[in-house]
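Student: Could you take me through one part of this model closely, starting from the broader setting? I would like the cut-offs spelled out as you go.

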Amino acid sequence: MISRKLQLIIAALVAAILAMGFYLVHLKHKAESIAVGPATQQLVAPVNGPPAQMTLFVASDDDYSIRPISITSALPSDPGERGRASLHALILRYLAKDSPHPLGPGADVHDVYLLDPASAVVNLNGEFANAHRSGIEVEQLSIFSLVLTLKAQLPQLNRVRFLVDGKTRDTLAGHLDISDWMDIALVSAAAKDLK
Amino acid sequence: MPKAHSNFARVTTLLLLLLAAAFAVEPRKITVYAAQANYQVDILVRNGVDYVGLTDLLEPLGRIESRSDGKKLKLTFNGVETVFEANSRQLRARGTPTLDLSANFLLIDGRGFVPVASIPQLLPRLANQPADFHAAARRLFVGPIQLHYSAELRHSPSRLVLTFSAPVNPAVVIEKGRVHLSFHREPLVGSGADNVSYGDPFLASTSFTETPAGAEFTATVLQPATVALADAGRTLTISPPAPTPPAPAPSPSAQSPNASSPNAAPRPPAPPRPRPFVILDAAHGGDDTGAVLSPTLLEKTVNLALARRLQKELEARGIPTVLTRTADNPLTWDQRAIAANTSHASLYVALHASTSGHGVRIYTSMLALQPGQSKRSFLPWEQAQSPFLQQSSLAAAALAAQSTEDGLPVRTSSVPLRPLNNVTLAAVAVEVTPPGDSPDELAAPEFQQKIAVSLAAAIATLRGRLEEAP
């Protein structure tokens, strides 16, 4: 027979365990909301410039599509900065909690260099490539959406190539060849199959 | 100080020697001859014992399925289940006595490894076929596949007649005083007496050796010699050249392509080897694992299993097929492209697997069609596929149509994907994804069989069409 006193102690301990459990769940949600904070903020690239309409080509894993959307964002006058701002905005969308095409945490674009009005070099950061999911389709969606978004801001572009942390790389994540220049006309034609 | 210098020099030399030895060691392999296929399996050395991967060994021989819980491996081969326990020598199978392996069974990352020395006892249990392992040459014969020969010295004129139990097509090298026959594909084994002395004015002696690369027969001759194949490749005669009649010189095309000496006499052409129609390329391999589909499933493994299954389906339809790799070995993109371009096949199919999405994706190279370009045009390596894009699109369309007919969701697209750009024949890449939510479904025999049947049916419709395409 368990004494009345012992019963009260056990009940108090169970109540304490339950309370601590609820508090733990609360802390977990709070931590998650902090972690995804930047991605859930307004899609504004950290650059200066007057607000303007920007077209992003957003990939979706659900239906294997790349669709244009318009957002309002600060648009720098420098073409390279404008290209970087557009890609940064696109990547933020991919990092959001409800991302249609998730990327690894910390993915971003360092710079966009214009060698001439028709040739751009996009320097991605290591997190973009190293934490990218591996597969032909997922890699194709990422790279094609970056290329089409860049072309939307810089219509005179004809070709793009990618670096990762300033270095050439054979593939994005084991499949898509990013070692050479990409002809934007061919990317646009291939992307039509995705819609 | 001089002593210290001497010790330093000794240690440095020793380290350099060890380093050189480490680089010089190539992974050893077992060559397997079976009715289904000839293939090689990598040897893994653990605690001084040679092991082979169970899946590598059995996959080409039949339907295999394995499940591991980290301590046990349940292997179902052709419907019969066998249980292997990690770090145990005992092997249990339903309705059969326990078998003791020569060393512990190894379970590494969900893959089972058995000692090489136990293969002759193990294979009859698992595959229900006799197995004969020639340890020195690391040649394994599965089933009654061995090919035998007999040698007979005949006179007037002196000549050595070799009679084989099945047609052969050896590589022939004739040099001063020796005739070498190399049997790289045939499961040829010795006839008992490997070294024979004849003491004949034409033929001094013969020797037979087995190596991991195949079998070698050498005849030491005292006069110039010629080699002739007859009886559809079952009889090979080494003889002095016949007195030359005053006749026109034989055309170079009459020479056997296998004879590598200008002294080699023309002999009847060997039975033609069927030209492959398809070359299948299981993507990734070795250290390049491809995508990590699940904690226990790698893309390279799924790709190879699917390639083997597809090869069986194609060959069942009478479509000669070759694989770029038959084991878990690495290949560069250039090696894959060169293998395809020198295979004389009409279609290259790269096989990939992914967990993203559902269905089958079919890709062609993302190159521009160049008007006026012919297949004989001199092109940069990165654009070699360009003249073959139309054929590749034809192949992709056929594969997509069949997948749709078979109820598999399918998408086609062009993509920058190596080595498609470097292949000089119709070339497509196929990426398969699991039908449900579990990545492990990619390794399910039923799913792989469904994909293989669908792809094989589509490829069968391309025979004749690819050659006719402009």
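**From the whole to one sheet**

Tutor: In chain A, among contacts with a separation of 6 or more, 66% join residues 24 or more positions apart; two residues are in contact if their C-beta atoms, placed from the backbone, lie within 7 Å. This is a predicted model, in which local features need pLDDT of at least 70 and side-chain atom pairs count only at pLDDT 80 or more, while totals for chains, interfaces and linings use all residues. Residues are numbered from 1 along each chain as its sequence is written, and chains are lettered from A and ligands numbered from 1 in the order in which they are written.

Chain A holds 6 helices and 6 strands, both being DSSP runs numbered from the N terminus (helices are H or I of at least four residues, strands E of at least two). Of its 195 residues, 34% are buried, that is, 20 or more other C-beta atoms lie within 10 Å of their own; 12 or fewer would make a residue exposed, and values in between partly exposed.

Where the chains meet, 20 residues of chain A are in contact with 21 residues of chain B. Helix 5 of chain A gives the most to the side of chain A that touches chain B, with 4 residues. Helix 5 (136-153) of chain A also supplies 9 residues, the largest share, to the largest nonpolar core. That core has 106 residues, and V122(A), V147(A), L150(A) and L347(B) are among those touching the most other members. Here a nonpolar core is a set of buried Ala, Val, Leu, Ile, Met, Phe, Trp, Tyr and Cys residues joined through C-beta atoms within 7 Å. A second, separate core of 31 residues includes A34(B), Y39(B), Y51(B) and L123(B).

Y51(B) brings us to the part I would like to examine. In chain B, 7 strands form an open sheet in the order 9-10-3-2-1-12-11, with mixed pairing; strands pair if DSSP finds at least two bridges between them. Strand 9 and strand 11 (131-134) of chain B are the edges, each with a single partner strand, so one side of each has no neighbour in the sheet. From one strand to the next, the twist averages 30 degrees.

Let us walk in from the strand 9 edge. Strand 9 (106-108) of chain B pairs with strand 10 of chain B in the antiparallel sense over 3 bridges, and L107(B) stands opposite G112(B). The hairpin of these two strands has 2 residues between them, and D109(B) takes a positive phi near 55 degrees there. Strand 10 (111-115) of chain B also pairs with strand 3 (49-53) of chain B, again antiparallel and over 3 bridges. In this pairing, Y51(B) stands opposite P115(B), while V52(B) stands opposite V114(B).

A helix covers part of this sheet: helix 3 (119-127) of chain B lies across strand 10, strand 11 and strand 12 (139-142) of chain B, running at about 155 degrees to strand 11 of chain B. Axes are lines fitted to C-alpha atoms, for helices over the stretch in contact, and angles run from 0 to 180 degrees between N-to-C directions. Among the members of the second core, then, are Y51(B) and L123(B), and Y51(B) is the residue that stands opposite P115(B) in strand 10 of chain B.
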